[in-house]
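Q: Please take a close look at one part of this model, its interior, and then work outward from there. I would like the answer as one connected account.

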Amino acid sequence: MKLENINRDQLLAVQDEVKAAYQELKDRNLNLDLTRGKPSTEQLDFSTDLLSLPGESYRTPAGTDTRNYGGLTGITELRELWADVLGIPADNVFAGDASSLNIMFDLISWSYTFGNNDSPKPWAVEDDLKWICPVPGYDRHHSITELFGFEMVTVPLTDEGPDMDKVRELVKDPAVKGMWTVPMFSNPTGVTYSEKIARELAEMETAAPDFRIVWDNAYAVHTLTNEFPDVINILDVAEKAGNPNRFWFMSSTSKITLAGAGVAFFASSKENLDWYSSIAGVRGIGPNKINQLAHLQFLESPEGVRALMRKHAGVLGPKFTRVVEVLERRLGDMHVAEWTVPEGGYFISVNVVDGTASRVVELAKEAGVSLTAAGATYPLKKDPNDRNLRLAPSMPTMDDLEVAMDGFATCVLLAAIEAVNEGGAVDADGQAGAPHTAEDGAEGGIAH
């Protein structure tokens, strides 16, 4: 959304109205939050029965006593259930504790410390480690590779996945060790990777023999409708491509049952799982099998998972619809923003006028509406064009969401008006300057 493309006369014609609306917004002393993608209380209530399970039925259907030590791979029946949900073999699925992020951290930490099963040496002793980050992307992914000192190289995320021409060029460098992905209903755009992109990721040649793609399928069943898209069996695709170890496939029940007390799943090739087990078995004796059994009893079957997710969609779907309605009503004719209309996931991605995202966040905060920080969807929280914002509609009530989105739209308009009056976009420090161009980073770049 470049400043030169704005209808200046149309925008300035409503500036008095927008300024008055903003003052009225501030006078209401609001305290509304659109920051994180947390399930609402209503959604968490769908899984309250989990708190009474497994009760005295502490043995699995096969007779395993879940109260005792052991079972590093998780209970068999839950692995089978989740493998069915994901469309992959149960033998390739491990069930762990609550957080898939913990497993992702372990995978990178252990590769860094020891090297993975395809590494000639530990990553820690290699020079200039790099990691590919499709943008906009998930901030907690970026935080992991930032912590380990990776140079995070960004590539644009298209409507069907990452820009593969850029990815193929980057993986010619042996220092590029991996890539973050959220292949279904991506955070924050809601994009689902096409089968073509998945196949190209599996088939491409990489200079690093131990290159890994974190295939974080956090939203595989998080539809906003009654339709559940097929999950790509990326393990089969990779094996057929001759690169069976390329993908670390993640999933969890975190936004399905109880967000802080779910079950995480890690799926990969047998060789990758053997490597993982060799270290995980030293780190601990096994996951919380009682919680896994409770989930098995509660979910019962893949159709039980889908039935539960239809309840979630019944709550989330109308909220996402309302957000889009407000954006269209308030901003649709003004050409100061563009947004995604996802069919699943937890977020809506909004691009505002280049150079104004930080100002929108600042204006919203002053008016009592908390937004995720500008730049949060980019490595090191630095959006080179200062334009992308992530909205999380799940937590507020419908009434609060309406107020928050109306306020958000007012802030977007006011920031655009300020930029027009100053003759240029506003940089991340709130200073007037020349408008950014695509060459300033829209086509990808490097965060150090």
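A: In this predicted model, the lining of the largest cavity is made up of eight nonpolar residues and six polar ones, with no charged residue. The lining comprises 14 residues in total, and those nearest the centre of the cavity are Pro134, Gly137, Tyr138, Thr181 and Val182. The space inside amounts to about 100 Å³, and the count of cavities of 30 Å³ or more comes to one. Three elements each supply at least two residues of this lining, namely strand 3 (130-135), helix 6 (139-147) and strand 6 (176-181).

Of these elements, helix 6 can be followed further into its surroundings. Its buried residues are Asp139, His141, His142, Ile144 and Thr145, where buried refers to a relative accessible area under 20%. The cover over these buried residues includes strand 3 and strand 6, together with helix 5 (100-114), strand 4 (151-158), strand 7 (212-216) and strand 13 (388-391). After helix 6 comes Gly149, which has a positive phi near 80°.

The loop between strand 3 and helix 6 holds Pro136, and the peptide bond that leads from Val135 to Pro136 is cis, with omega near 0°. A second cis peptide bond joins Leu53 to Pro54, again with omega about 0°, and Pro54 belongs to the loop between helix 3 (41-45) and helix 4 (76-86). As background to both sites, most peptide bonds are trans, and most residues other than glycine have a negative phi.

That second tendency has its own exceptions here, among them Phe185 and Asn29. Phe185 has a positive phi near 50° and sits in the loop between strand 6 and helix 8 (195-203), where its relative accessible area of 4% makes it a buried residue. Asn29 has a positive phi near 55° and lies in the loop between helix 2 (15-27) and strand 1 (32-34). In contrast to Phe185, which is buried, Asn29 is exposed because its relative accessibility of 67% is over the 50% cut-off.

Strand 13, one of the elements that cover the buried residues of helix 6, is itself covered on both faces. Asn388 and Arg390 are buried on one side, and Leu389 and Leu391 are buried on the other. This division follows a general pattern, in which the side chains of a regular strand alternate between the two faces of the sheet. The partner of strand 13 is strand 11 (residues 348-352), and the two run antiparallel to each other over four bridges. Within this pairing, Asn351 is placed opposite Asn388 of strand 13.

Two cysteines complete this view of the interior. Cys133 is buried, its relative accessible area being 0%, and Cys411 is also buried, at 1%. The number of disulfides in the model is nonetheless zero, which means that no pair of cysteine sulfur atoms comes within 2.5 Å.

Technical notes: Residues are numbered from 1 along each chain as its sequence is written. This is a predicted model: local features need pLDDT of at least 70, side-chain atom pairs count only at pLDDT 80 or more; totals for chains, interfaces and linings use all residues. Side-chain values use heavy atoms; hydrogens and water are left out. On a 1 Å grid over the protein atoms alone, a cavity is a set of points where a 1.4 Å probe fits but cannot get out, and a pocket is an open set with protein on both sides within 12 Å along at least five of seven lines; lining residues have an atom within 4 Å of a point. Grid points are joined across faces, edges and corners, and a volume is the space filled by probe spheres set on the points. Ala, Val, Leu, Ile, Met, Phe, Trp, Tyr, Cys and Pro count as nonpolar, Asp, Glu, Lys and Arg as charged, and the others, Gly among them, as polar. Buried means under 20% relative accessible area, exposed over 50%, partly exposed in between (1.4 Å probe, protein chains only). Contact means heavy atoms within 4.5 Å. Two strands pair if DSSP finds at least two bridges between them.
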